[in-house]
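Hello,

Here is the structure I said I would pass on. My notes on it follow below the files.

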Amino acid sequence: MKTVLMVAEKPSLAQSIAKILSRGNMSSHKGLNGTCSVHEYTGTFAGQPVRFKMTSVCGHVMTLDFLGKYNKWDKVDPAELFSQAPTEKKEANPKLNMVKFLQVEGKGCDYIVLWLDCDKEGENICFEN
């Protein structure tokens with residue numbers, strides 16, 4: 001049986017969507033980060049029987065920050081930020097282990113469905129993952 005991983009923008013939304021789509025017939029457990037739950041149930045997807053795993057992120061997965069002297073706002077010319085400042089992409093909240101959590105839950109999945117808000121933040125999460 002194939003598996004579909006579905007990821008919502010927040011835990012409460014993941015739970016609500018899973019409850020509706022499973023008609024209340026789902027099992028739930030906390031993920032490895034202890035914050036985001038995973039709701040599982042069976043159904044059909046693209047005309048075939050599948051196992052659904054519904055979960056969420058908790059805020060942003062990644063963040064982008066300026067390095068070194070460019071991260072000291074009172075000591076840098078803002079114009080330099082656009083032309084010279086190097087950036088670093090890192091986990092937004094390392095304590096949540098969102099990257100590892102998504103890797104573990106996504107392992108072995110055949111499809112991914114993102115349930116994100118239709119705004120700039122939702123669009124950014126799509127590119128972060």
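There are 2 salt bridges in this predicted model. One joins the side chains of R51 and E40, with 3.0 Å from N to O. R51 belongs to strand β4 (residues 48-56) and E40 to strand β3 (residues 37-45), so this pair ties together parts 11 residues apart in sequence. R51 counts as partly exposed because its relative accessibility is 31%. E40, at 18%, falls under the 20% cut-off and therefore counts as buried.

The other salt bridge is formed by the side chains of K53 and E105, also at 3.0 Å, N to O. This pair links distant parts of the chain, since K53 sits in strand β4 and E105 in helix α3 (residues 98-106), 52 residues apart. Both K53 and E105 are buried.

Next, helix α1 (residues 11-21). Its buried residues are A14, I17 and A18. They span an arc of only 95° around the axis, which means that they lie on the same side of α1. The general background is that an α-helix has 3.6 residues a turn, so residues three or four places apart point the same way. K19 and I20, on the other side of α1, are exposed. The buried residues of α1 are covered by elements including β1 (2-8), β3, β4 and β7 (111-115). After α1 comes R23, which has a positive phi, near 55°.

On the packing of nonpolar residues: the largest nonpolar core is made of 12 residues, namely L5, V7, C36, V38, V57, C58, V61, M62, L96, M98, F101 and L102. The elements giving two or more residues to this core are β1 and α3. The most comes from α3, which supplies 3 residues.

Which residues does F101 contact, leaving aside its neighbours within four places in sequence? They are G31, L32, N33, C36, V38, T55 and S56. Of these contacts, C36 and V38 are listed as members of the largest core, as is F101.

There is also a second, separate core of 10 residues, and M6, A14, I17 and V50 are among them. Two of those names have come up above: A14 and I17 are buried residues of α1. In soluble globular proteins, nonpolar side chains tend to be buried together.

That is what I have on the salt bridges, the helix and the cores.

Regards

How values were computed:
Residues numbered from 1 in each chain as written. Predicted model: local features only at pLDDT ≥ 70, side-chain atom pairs only at ≥ 80, totals over all residues. Heavy atoms only, no water. Salt bridge = Lys/Arg side-chain N within 4 Å of Asp/Glu carboxyl O. Helix = DSSP H or I, 4+ residues; strand = E, 2+ residues; numbered from the N terminus. Buried < 20%, exposed > 50% of the residue type's maximum accessible area, 1.4 Å probe, protein only. Arc of directions from axis to C-beta. Contact = heavy atoms within 4.5 Å. Core = buried A, V, L, I, M, F, W, Y, C linked by side-chain atoms within 4.5 Å.
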